[in-house]
Amino acid sequence: MLSTGNLPDVILGMKLSSNDVSSYGEDGTFLMLDDYIETYGVETKKVMEEMPGMRDMITSPDGHIYSLPTINDCLHNQYRTRAWINTQWLDAVGMDMPKTTEEFEAVLQAFKDKDPNGNGVADEIPMLGNNLPKNNIVTYLMNAFIYMHGSDIQDPSTLYLYMEDGKIQFAPDKDAYREGLAWINSLIDKGLLDSTSFTLDDTQFKQIQQDESAVKVGVVRADLICSYLGEYNGTDDHRVEQYRVLEPLVGPDGFQYQPSYTYASIGTGNFVITSSCQNPEAAFRWADGWYSEEASLLAWYGEEGKGWVQPPEGSVGLNGEAAMYQRLPVEGAEQTIRITNKFGNNTAKLRESEVYLEDDPAQKFSTEPILYFATRDSLMPYADSSKVVPPLNLTREEASEISNIRTMIDDYVEENQALFCLGSRDIDTEWDAYVKEFSALGLDRMLEVYQAAYERQYK
């Protein structure tokens, strides 16, 4: 569409990359929004005040703004690296929630040896992940050794990167990463971590979680636990009730990291005005209006009386404050009462102000409450925002130069994660050769480009 020149007035909800926004903004395909924000952006400026990092995130390398973001201030999306442990199994083997890698390994060994599901068959899988980036076992376990962002984050350019003393660092060539791989390999060798975690697809993974004969998995490496176990009524035994999120493990050298990505709330590239628009002022004012609380409630939760109703007097939300609304069950075609191509400002206040009935297990063990309380109480306290590489907006030339480098490095890291963890490559004899290959792939140049973008954008 963009290459044909046959453009609509606006493009909404397409999640255009920062590189595309910058490139088409600089050549005039997308209009500069700076003056519109200053003149008409009543709601936009409010959001910028509430989210100080937003302006930097949406500013292109040439210093101008060409797009507006969708805001979805979801707490659990900011802390997505997590795993879930079966507390009934912990009780069955007489052990407490593990805090360290040593305690964790002992728990996995007990899960393997002591028949915690009680069926008299040695069919327990102590720990399992799958081949999706968001359920990758390495990116979870590695945070007891070195800060490791996975590829489930919103901005793929920050994959495997972390900040240290103002410099962007790359985790997979560090000695601490090597130690983490060696430990994971030992867990697999001992039968404590299932080797199929590197190959299982999502369907196979879910089938194992929902095995009707017995609960099979002690620790589930999954972003969204309800996607695999269902919510409270998703299985006859209400299986999701058995699992609790694990706090980040403390490694042998005392490291304990919870990856965080607060920038995940800001979905960049979701509204642009094109050069074909005859009335850009009206288009911008329309978009600005969607940031209001009234419009955002309509977009995300539907009309009053159809998608939600006023809350009962005295009811509270997830955040413990007075509830703002009570959602109505909406299924099938009726979901059209909500805007599918969502835009606007779904603030934390809106998300957390739905009526919450703690005594109702069907709601307590549904997706949003499970993730909200797990994140707030067990993950967020261990996050270190100083390690986070913020979104990086590259120039067209920079993006073109390192695109292939980035792809080759990501593929190389992913391939060798599996090879080292499964023992197909010997970490003692082949580590130096593995590290040396990064130079040939262009790692130094990639980090140089990222560092320049970081300093241009945030310093």
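Here are four short exercises on this predicted model, each with a worked solution.

Residues are numbered from 1 along each chain as its sequence is written. Local features need pLDDT of at least 70, and side-chain atom pairs count only at pLDDT 80 or more, while totals for chains, interfaces and linings use all residues; side-chain values use heavy atoms, leaving out hydrogens and water.

**Exercise 1.** Describe how helix 16 and helix 18 cross.

Solution.
- Locate the helices. Helix 16 spans residues 396-422, and helix 18 spans residues 443-458. Helices are DSSP runs (H or I, at least four residues), and strands are too (E, at least two), numbered from the N terminus.
- Take the geometry. The axes come within 9 Å and cross at roughly 130°. Axes are lines fitted to C-alpha atoms, for helices over the stretch in contact, and angles run from 0 to 180 degrees between N-to-C directions.
- Classify the angle. Helix 16 and helix 18 are therefore oblique to each other. (Under 35 degrees is roughly parallel, over 145 roughly antiparallel, 65 to 115 roughly perpendicular, and the rest oblique.)
- Add the hand. This crossing of helix 16 and helix 18 is left-handed (the near helix is turned anticlockwise from the far one by less than a right angle; clockwise would be right-handed).
- List contacts (heavy atoms within 4.5 Å). Helix 16 contributes residues including Ile-402, Ile-405 and Ile-409, and helix 18 residues including Met-446 and Val-449.

**Exercise 2.** Find the hand and the partners where helix 8 packs on helix 17.

Solution.
- Helix 8 (residues 175-189) and helix 17 (residues 427-441) pack at about 145°, with axes 12 Å apart.
- Their crossing is right-handed.
- Asp-175, Tyr-177, Arg-178, Leu-181 and Ala-182 of helix 8 meet Ile-427, Asp-428, Trp-431 and Tyr-434 of helix 17.

**Exercise 3.** Is Asn-270 buried or exposed? What does its side chain reach?

Solution.
- Asn-270 sits in strand 9 (residues 266-273).
- Its relative accessible area is 5%, so Asn-270 is buried. (Buried means under 20%, exposed over 50%, partly exposed in between; 1.4 Å probe, protein chains only.)
- The Asn-270 side chain reaches the backbone oxygen of Gly-267 at 2.6 Å.
- Beyond residues up to four places away in sequence, Asn-270 touches several others, among them Leu-12, Pro-69 and Phe-343.

**Exercise 4.** Set Tyr-160 beside Asp-165: which is buried, and which is exposed?

Solution.
- Tyr-160 is not a glycine, yet has a positive phi of about 70°. Asp-165 is not a glycine either, and has a positive phi of about 55°.
- Tyr-160 lies in the loop between helix 7 and strand 5. Asp-165 lies in the loop between strand 5 and strand 6.
- Tyr-160 is buried at 6%, whereas Asp-165 is exposed at 78%.

Notes:
A polar contact is a pair of N or O atoms within 3.5 Å; within protein, one must be able to donate a hydrogen and the other to accept it, and residues adjacent in sequence count only if both atoms are side-chain atoms.
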